[in-house]
Amino acid sequence: MTADAGSVLLRDAREADLAAVRALTLQAYAEYAQVMEPSAWAGLEQAVRRTVESDSNAARIVAEHEGTIVGSVMLFPPSTSTYGGSVEAPPWPELRLLAVSPEARGMGVGRLLVDECVRRARASGATELGLHTSRSMATAIAMYRRVGFVRAPEHDFQPEGAELVEGYRLRL
């Protein structure tokens, strides 16, 4: 797939998109099964499935190219418990489950989705935006750092058998 970021449309997901978003997210995260310890992957896969299938109050944003959904992200409002009680609900919005189809990687889709989360967080009056990730997601971490996210280790948490889930924050 060849394109540029200008040919990608960002929009809110519709009910009819949810199966495609679920499939895309699971496909995008499946690569971590090869790099994580089996117990860490099992925990991540379960968390991804639970979150993507949830009926949450998060904004679901999709990136579409030529009529196909090639990326998605969830943006949770402030004070939402996004990790099932594993960590205290943050007072800022939190982006989760950034996913880009393998075919669309390198087109800037991930950056467009993160930038849209930043734009929406600012528009809502938020002064910070948070996210959590882990060391296996090195490509994503590099992009988050380029955007300006910084480590916030005081928001790390460690699920049993899983990798350390690292907190990051961006001052808006």
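For the charge count used below, Lys and Arg are positive, Asp and Glu are negative, and His and the chain ends are left out. This is a predicted model, where local features need pLDDT of at least 70, side-chain atom pairs count only at pLDDT 80 or more, and totals for chains, interfaces and linings use all residues. Residues are numbered from 1 along each chain as its sequence is written, and side-chain values use heavy atoms, with hydrogens and water left out.

**Exercise 1. Work out how far apart the mean positions of the positive and negative charges are.**

Start by placing each charge: NZ for Lys, CZ for Arg, CG for Asp, CD for Glu. Next, count them up: the chain has 18 positive and 22 negative charges. Finally, compare the two mean positions, which sit 3 Å apart.

**Exercise 2. Check the radius of gyration of the chain against that of a compact globule.**

First, get the rule: 2.2 Å times the number of residues to the power 0.38, with the radius itself taken over C-alpha atoms. For 172 residues that gives a value near 16 Å, and the chain has 15 Å, so the two agree. As for the spans, the C-alpha trace covers about 40 × 40 × 30 Å along its principal axes. Then look at burial (under 20% relative accessible area is buried, over 50% exposed, partly exposed in between, with a 1.4 Å probe and protein chains only): 49% of the 172 residues count as buried. Last, take contacts, meaning heavy atoms within 4.5 Å. Of those with a separation of 6 or more, 61% join residues 24 or more positions apart.

**Exercise 3. List the elements in order, then say what helix 1 packs against.**

Helices (H or I, at least four residues) and strands (E, at least two) are DSSP runs numbered from the N terminus. There are 4 helices and 7 strands, and they run β-α-α-β-β-β-α-β-α-β-β. Now zoom in on helix 1, residues 18-29: its 12 residues reach 16 Å from first C-alpha to last, close to the expected 16 Å. That expected span is 1.5 Å times one less than the number of residues. Its buried residues are Val 21, Leu 24, Thr 25, Leu 26, Ala 28 and Tyr 29. They pack against helix 2 (38-52), strand 2 (59-65), strand 3 and strand 4.

**Exercise 4. Place Ala 13 and find what it touches.**

Ala 13 sits in the loop between strand 1 (8-12) and helix 1. Its relative accessible area is 21%, so call it partly exposed. Leaving aside residues up to four places away in sequence, Ala 13 touches Arg 60, Ile 61 and Val 62. Take Ile 61: it's 48 residues from Ala 13 in sequence, yet their C-alpha atoms are 5.4 Å apart.

**Exercise 5. Do the same for Ala 89.**

Look in the loop between strand 3 (68-76) and strand 4 (94-100). Ala 89 is partly exposed because its relative accessible area is 29%. Again skipping residues up to four places away, Ala 89 touches Ser 79, Thr 80 and Ser 81.

**Exercise 6. Take the positive phi values of Glu 66 and Leu 97, and decide whether each residue is buried or exposed.**

Some background: most residues other than glycine have a negative phi. Glu 66 has phi near 50° and lies in the loop between strand 2 and strand 3. With a relative accessible area of 71%, Glu 66 is exposed. Leu 97 has phi near 55°, but belongs to strand 4. Its relative accessible area is 9%, so Leu 97 is buried.
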